[in-house]
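Let's take a walk through a protein model together, one stop at a time. Keep the 3D view open and turn it as you read.

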There are 2 protein chains.
Amino acid sequence: MRGLSVSRSPLRYRYQQVEAWLFEGIEQKRWRLGEKLPSIRRLCQLHQVSKATVLHALTHLEAQGWIEARPKSGYFVTYQVNPPKAVQSNNTIDAPRLATLSDLFLDIMQRSAAFDLLPSSLTLEESPGIRTLNRSIARALRQQKTQESQYYDSPAGDASLRSQLSIHQARRGWQVGCDQLCITSGTQHGLFLALMASCQRGDIVAVESPGFYGVLQLLESLGLQVIEVPSSASHGMDMEVLETMLQRWPIRACVVSPSFSTPSGALMPIDRQRRLLDLAESHDVVVIEDDIYSDTALGEIPAPLKALDTTERVILCSSFSKSLSRDLRVGWVCGGRWHQQIQQLKVVTQLANSRFLQQGIAHFMAEGGFAAHLRRQRQVLQGRRDQLITSLNDWPIQPMTLSRPLGGLSIWLELPETVNTLNAYSDALRQGIVITPGPLFSISGRYTNCLRLSFAHPWNEQRLQALAQLKTLLFE
Amino acid sequence: MRGLSVSRSPLRYRYQQVEAWLFEGIEQKRWRLGEKLPSIRRLCQLHQVSKATVLHALTHLEAQGWIEARPKSGYFVTYQVNPPKAVQSNNTIDAPRLATLSDLFLDIMQRSAAFDLLPSSLTLEESPGIRTLNRSIARALRQQKTQESQYYDSPAGDASLRSQLSIHQARRGWQVGCDQLCITSGTQHGLFLALMASCQRGDIVAVESPGFYGVLQLLESLGLQVIEVPSSASHGMDMEVLETMLQRWPIRACVVSPSFSTPSGALMPIDRQRRLLDLAESHDVVVIEDDIYSDTALGEIPAPLKALDTTERVILCSSFSKSLSRDLRVGWVCGGRWHQQIQQLKVVTQLANSRFLQQGIAHFMAEGGFAAHLRRQRQVLQGRRDQLITSLNDWPIQPMTLSRPLGGLSIWLELPETVNTLNAYSDALRQGIVITPGPLFSISGRYTNCLRLSFAHPWNEQRLQALAQLKTLLFE
């Protein structure tokens, strides 16, 4: 069992103060591009901190590309501040302060709109799958003896649901026993428990870049250091870069979504998955697999990375939030060697989950409702994805910079460098349009010209109109 | 925003290693009763740790009563190890190692039986309140547009439920606005968020002794230090002792249940509540009010401590788990000055709660179902409490040591000192009987001769039989 911390004020740790001081020096050209920073010993004296603290600060700056370590020489400035092509460098400089992002994150959550361009445009479209699910939950409620309301659910969660999950996973080529699963309150809750159980404060966690902002928020809240590994829209996390980083830093964990990462919907090829597990094995890294999008596959559901895991070092976290309903708040974790700790942490921090809800979902699955829902959903989503891509035909972007994912609920757009999607967020909001700007998917201020667009919702007239408004707003 | 940590392996922190080393020395009589421990400086040298670490270890030992600080003299052994009256001192010595208790805690949760002597003895007794509630939730599910399943609930939780809670609280004399409440996944989840938001690792938290084991587990998991303040079965936490402790240690927070503490069901008189707030104010202490039992009041529901809080330093945590159903997993926090942090932590660690569930409960409350349920429940519980006390008439205990609470779901029994309820736990289990032994309500190994008995369930023939078996097991 390892320990974790929570913090949100960016400068509450000493290493952050040292980091901010160094960053300011680079920004103000006290040390210019290519120049050497003061020695570690000198930095310890200057700030009255330990060597470990200084190393933390340097590692963090290096991970962001501001400096680089040269063996036996020291740390050198590598980043060219105020590059000539960008007139305004405010974003590059502001973005690493996570406070901005956390406000934005909360703002988007507040609008219940992380995945909708136009949350006011609710259609009356009915989902037969959700109807059946709701009937099934209502029946579970009716059938539950009222006396049962006086008992808590067991720590691992309802056995009937775990059994159905085991059957569902077997269909995608993953054999998992019920006793290896622990029910959670959704994927984010699972990721939280996984990180709590396997990491301790200050540990370095590798994530995909661009990657899910919910994970970035969580890592920051838990006092973990983030290192961003480039992830392509086609094949996911870059293993060459990961290997280099593993050789350089003591990375403790790696959070990855092999079956459709967000924002790009990348699907990691199996040989790359094997490479990831080999690297994890040789560097003793915990692999946390965020599997939330696997059931949105437009074709066959890919087997998870976890299916290749022979040493129990992969923790898989998933839920029904993207495949079925975001309002269920039911997910699961397969914790591998951390299973017991995860289960205990779940009990200590929130005792249990709703049994009737799990039983209702289990019944829905047992009756074939879930499989039927996924079949229908697949066609619907494919249509929405294609309609979105067609709608972007007249946008001034290279088709090359547009991903056409095989799963997930969104596409990732690289717009011309002059576009600033963070500024566009506020402008769009004034017109009732909610976008998820690129910088949200990184802590290093990258992706100001990028945008995630979701195809989770039907493209009715209002949403198409909003898309047109957004085009005007971004390019005119 | 402050930071917190999680740990369960008792010796993972340096202060714990120092503490264990000192404890062992006391146990092995390297330093005997009344003798002086090595100086702080000497301990720093011996263990190669900082002064703060040594002070942590000493404070912890002192809080457990093993040593005491004498001004300008040092630390002295105060605890008499192997006191003559106890033949076997294993429990006294083992109990501070929380690992044992956490296993026991998980074991009890696993049996879904924290509050039932005989969980196998489910009766067919129906609860009309729960029936109505379940119908109301099922209706909320039917009425929810299926498209709504594609959106997360807002960070604070459903507005209709918060509004009903505000009305319900006003009836007991507490005016609280909807915007001051944040919905959680139960009381334990609320306590977790409250501690995460207001404390940081290593902080000292005062709790009632005996007090709820779930809180003790949580504090241990978060790397917080526990200090136990004696709490009487009639009036709750002792303010004289608390004041002394506040003068001696930098206590950061105090977790307290003024409206019926567990295990004893104590109700804290209003003047004592005022004294608590005065002390909290003058020592800058966060007061975390665990209000879970207030709705089980056998008479009028007492106003919460939070109603007296003029400086927003009380965080109230509650839920429907004891009053309505443990399977809802719906609670609330009124976070005072920590409201924003608590809400953000909730979102970062689990995004949201189920909206339909909240709406179903809100409707049940709006229609008067909750108030009617509480009225019925009041009579039922009073009957069960009295029947339990009557059943204990022939137990060889002093009537004085038996509390007759005005709320809560249990009584606290002090048995003859020869009885060991921790041993009885395993013996009872072999007969299918689940008890909650006294040592679970402390981390200091106290209360081996104590027992919490619940009256939450109907006293049918099987439970009365189990009570008789338990008597034999304990006293013969």
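In chain B, find the loop that runs between β7 (251–256) and α11 (270–282); B:Pro263 sits there. Look at the peptide bond leading into this proline from B:Thr262: it is cis, with omega near 10°. Keep in mind as you go that you're looking at a predicted model. Chain B has another cis bond to show you, from B:Ser209 to B:Pro210, with omega near 0°. B:Pro210 belongs to the loop between β4 (204–209) and α9 of chain B.

Follow the chain out of that loop and you reach helix α9 of chain B, residues 213–221. How many of its nine residues are buried? Nine of the nine are, so the helix is largely enclosed by the rest of the structure. The list takes in B:Tyr213, B:Gly214, B:Val215, B:Leu216, B:Gln217, B:Leu218, B:Leu219, B:Glu220 and B:Ser221. Notice that B:Gln217 and B:Glu220 are among those buried residues. After the helix comes B:Gly223, which has a positive phi, near 70°.

Now hop to strand β5 of chain B (residues 225–232), where you'll meet B:Glu228. Is this glutamate buried or exposed? Its relative accessibility is 8%, and the cut-off for buried is under 20%, so B:Glu228 counts as buried. What does its side chain find to pair with? One partner is B:Ser209: a polar contact of 2.6 Å joins the two side chains. You've met B:Ser209 already, since the cis bond to B:Pro210 starts from it. Another partner is a piece of backbone: the nitrogen of B:Ile443 lies 2.6 Å from a polar atom of the B:Glu228 side chain. If you skip the neighbours within four places in sequence, B:Glu228 also has contacts that include B:Val207, B:Met245, B:Ser442, B:Ser444 and B:Arg446.

For a helix with another pattern of burial, go to α15 of chain B, residues 421–430. Here B:Thr421, B:Ala424, B:Tyr425 and B:Ala428 are buried. Try looking straight down the axis of α15(B): those buried residues fall within an arc of 120°, so they line one face of the helix. Both ends of α15(B) are worth a look. At the start, a side-chain oxygen of B:Asn420 comes to within 2.9 Å of the backbone nitrogen of B:Leu422. Just past the helix, B:Gly432 has a positive phi of about 80°.

Time to switch to chain A. A:Ala206 is part of strand β4 there (residues 204–209). With 0% relative accessibility, A:Ala206 counts as buried. Which residues does it touch, leaving out those up to four places away in sequence? They are A:Ile227, A:Val229, A:Leu242, A:Ile251, A:Ala253, A:Cys254 and A:Val255. You can also check the spacing to A:Met245: the two residues are 39 apart along the chain, and their C-alpha atoms are separated by 8.9 Å.

The glycines you saw had positive phi values, but chain A shows you residues of other kinds with positive phi too. A:Arg329, in the loop between β9 (314–319) and β10 (331–334) of chain A, has phi near 55°. This arginine counts as buried, at 6% relative accessibility. A:Leu351 is in the loop between α12 (339–350) and α13 (355–366) of chain A, and its phi is about 60°. A:Leu351 is buried as well, with a relative accessible area of 7%.

Let's finish with helix packing. Two packed helices are described by the angle between their axes and the distance between the axes. In chain A, helix α6 (residues 128–143) packs on α13(A) at an angle of about 130°, with the axes 8 Å apart. That makes α6(A) and α13(A) oblique to each other, and the crossing is right-handed. Among the α6(A) residues at this meeting are A:Leu133 and A:Ile137, while the α13(A) side includes A:Phe356 and A:Phe364.

What does α6(A) do with α6 of chain B? These two helices pack at an angle of about 180°, with their axes 9 Å apart, so they are roughly antiparallel to each other. From α6(A), the residues that take part are A:Arg131, A:Asn134, A:Ile137, A:Ala138, A:Leu141 and A:Arg142. Facing them in α6(B) are B:Arg131, B:Asn134, B:Ile137, B:Ala138, B:Leu141 and B:Arg142.

Methods. Residues numbered from 1 in each chain as written. Chains lettered and ligands numbered in written order. Heavy atoms only, no water. Buried < 20%, exposed > 50% of the residue type's maximum accessible area, 1.4 Å probe, protein only. Helix = DSSP H or I, 4+ residues; strand = E, 2+ residues; numbered from the N terminus. Arc of directions from axis to C-beta. Polar contact = N/O pair within 3.5 Å; in protein donor to acceptor, adjacent residues only side chain to side chain. Contact = heavy atoms within 4.5 Å. Axes fitted to C-alpha atoms, helices over the stretch in contact; angles between N-to-C directions. Parallel < 35°, antiparallel > 145°, perpendicular 65-115°, else oblique. Left-handed = near helix turned anticlockwise from the far one by under 90°.
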